[in-house]
Amino acid sequence: MPFDPAGLLRAHAALRQRELIQRRGRVGDVIGLIIEATGLEAEIGELCWVGDPRRGARVPTEVVGFRSGRTLLMPLGELGGIGPGTPVEPTGSPFRVTVGPQLLGRVIDGLGNPLDGGGPIATGMWRSTTAPPPDAFTRPRIRDRVGLGVRALDTLVPCGRGQRLGIFAGSGVGKSSLLGMIARYTTAQVNVIGLVGERGREVREFIERDLGDALEHSVVVVATSDQPALVRIRAAFTATAIAEYFRDEGSDVMLMMDSVTRFAMAQREVGLAIGEPPATRGYTPSVFALLPRLLERAGTSPDGSITGLYTVLVDGDDMNEPIADAVRSILDGHVVLTRALAHAGHYPAIDVLQSVSRLITEIITPEIQRAGQHVRSAMAAYRDKEDLISIGAYQRGTDPLADVAIDNRLALNEFLRQAVDDPTAAQQADAMLLELDAAMGGSARAQQSTTEAPPAAETGEPGETAAAGTPGASPELSLVA
C-alpha cells in the first residue's frame, strides 16, 4: 500500500483532538429539579448521562450552570434511581436529534422519540438543537406573500414568506383551531408544529381533528405540561432545528409553535431552580435572553424560508404583560384574538384593528392595501360610535364613515367570519376584499348624495326627513341595533 502523508496528518490531528481518558463525575446532591455533580468536566448545554448502565437505564441530563465548583444538571427524564455517588458521564456534545424526510407524517416528543406508534424513526442526519440564527446580511428580503387560507389574515394582516407572526390570545379563544386551519390550507410545502406545554388530552384532538390530512406533510413535536421543564424547552428548539433542516434543503417551511408563553414558563422554572433572581412578574433574566435566540432562527435564507407563527398565551387577556410585550418587540407582526369576538360566535376571533403586519407594504399590491385601509377605517369609525349605536342615540349623518360601516355591517361580518372547513385562496380573498370595498364606496357615495340633498321640508316630502335622520326609522340601523 502506498504511503499517504495527508492521511497520516489527518489521523494525527484527530488523535490530538480526541480525549483518550474519559472523565466521569459523581452525584453529590439532588435538590428539587437540580442535580449537583462533582468531579465533572462539562460545558453549558452539554448532554450528560446519569446512572450506572449495569444497574438499569440511564437518565439524560443537560448542564445548566455551575455553583461552588459543582456542575448543575437538569434531567430530561425522571429522577428515579438517582442518589449520592451515582456516576455522571459527559458526552462531549450538546443535545442532538435526527432530521430528514423520514420525519414527515410523524409525531415525536421533545427529545426526538416517536409518539405515534409508527415504529422507530430511521436514523438520518444528526443535528444540534441549538444553532445561531442566519446572518443578517445573508437573509434575502421578504417580498412574497404566503397564503394562509384565512381571508382576514391574507388581506388585512398578510404574512410574507419568511415572516414571523405572533398570535396573541387568552385561553380558550381559538388559537389551536386557527393553527390547524392554517396548517391544512397554507401554501407552504412543509409544516413543523411544536406543541409546548399542551394538555395531554388536546394533543390527539389537534392531530386528528384540527390537523387532519395535513399530517402527511407535517412534523409534530409534542411536550405535554407534565414533562420536565427542560424537555419543554428542548421541544421548542427541536421543532426549530427540524424546520431549519427542511429550509436548508430548499423548502418553504411553516413553523407553528403553541405556545411561546409555556416555553418561557419552563425557562423560568429552570432559572429559579439554579438560583437566578426573579425579575418582572417572576420571570428570570434568562427568559428574556432566550426568547430572541429562539425566535430569530426563523426567517429567510439563500436556500429556503421558515415562516414562523408563534402563539402567545396572554395572562388575564392582558396584551401588555411581560412575555407578550417582549415577543411582540421581536416578531414582524401580531394577530390578536379577543374573547369578546369568540363569545359572540365570531370565528376566527381576529380583532383586525389590533392586529398588524409590519411587511404589509412589501408583500401586497397598493390596490389591496387601499381597500384594506378603507375597511379598517370604517370598522374603526363603527367601534368609536358602537355604544351610541347600540342604545339608538347615534344620529345618522354625524359620521359618514360610521354610516358606511352601519350600511355594510353584515357584509363586513360575512367577509371576516370563516368556517374551519371553508378555505379561501389568497387571490380569491383579494377579489372578495375589492368587491367589499367597491360596495362600501358605493354606500359612501350614496350617503354623500343624501347628505347634500335639500331638506325634505323644501322638497315637499315630509316623511323623508324622519327616515334619514332618525335611527329608529332606518331598517339597516335597526337591524344592527
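**Two crossing helices, a covered helix and a buried threonine**

In this predicted model, the axes of helix α3 (residues 175–185) and helix α4 (residues 200–211) come within 9 Å and cross at roughly 50°. Residues are numbered from 1 along each chain as its sequence is written; local features need pLDDT of at least 70, and side-chain atom pairs count only at pLDDT 80 or more. Side-chain values use heavy atoms, without hydrogens and water.

Two packed helices are described by the angle between their axes and the distance between the axes. The helices α3 and α4 are therefore oblique to each other, a term for angles that are not under 35 degrees (roughly parallel), over 145 (roughly antiparallel) or 65 to 115 (roughly perpendicular). Residues of α3, including L179 and M181, meet F206, R209, D210 and L211 in α4. This contact (heavy atoms within 4.5 Å) has five nonpolar, three polar and three charged residues.

L179 also leads to strand β15, since T311 has it among its contacts, and T311 lies in that strand. Is T311 buried or exposed? At 0% relative accessibility, T311 counts as buried, where buried means under 20% relative accessible area with a 1.4 Å probe and protein chains only. Its side chain makes a polar contact with the side chain of D258 at 2.7 Å; such a contact is a pair of N or O atoms within 3.5 Å, one able to donate a hydrogen and the other to accept it.

Strand β15 (305–313) also helps to cover the buried residues of helix α8, as do α6 (260–273) and α7 (285–295). In α8 (residues 322–330), seven of the nine residues are buried, among them P322, I323 and I330.

Notes: Buried means under 20% relative accessible area, exposed over 50%, partly exposed in between (1.4 Å probe, protein chains only). Helices (H or I, at least four residues) and strands (E, at least two) are DSSP runs, numbered from the N terminus. Axes are lines fitted to C-alpha atoms, for helices over the stretch in contact, and angles run from 0 to 180 degrees between N-to-C directions. Ala, Val, Leu, Ile, Met, Phe, Trp, Tyr, Cys and Pro count as nonpolar, Asp, Glu, Lys and Arg as charged, and the others, Gly among them, as polar. Lists of a residue's contacts leave out its neighbours within four places in sequence.
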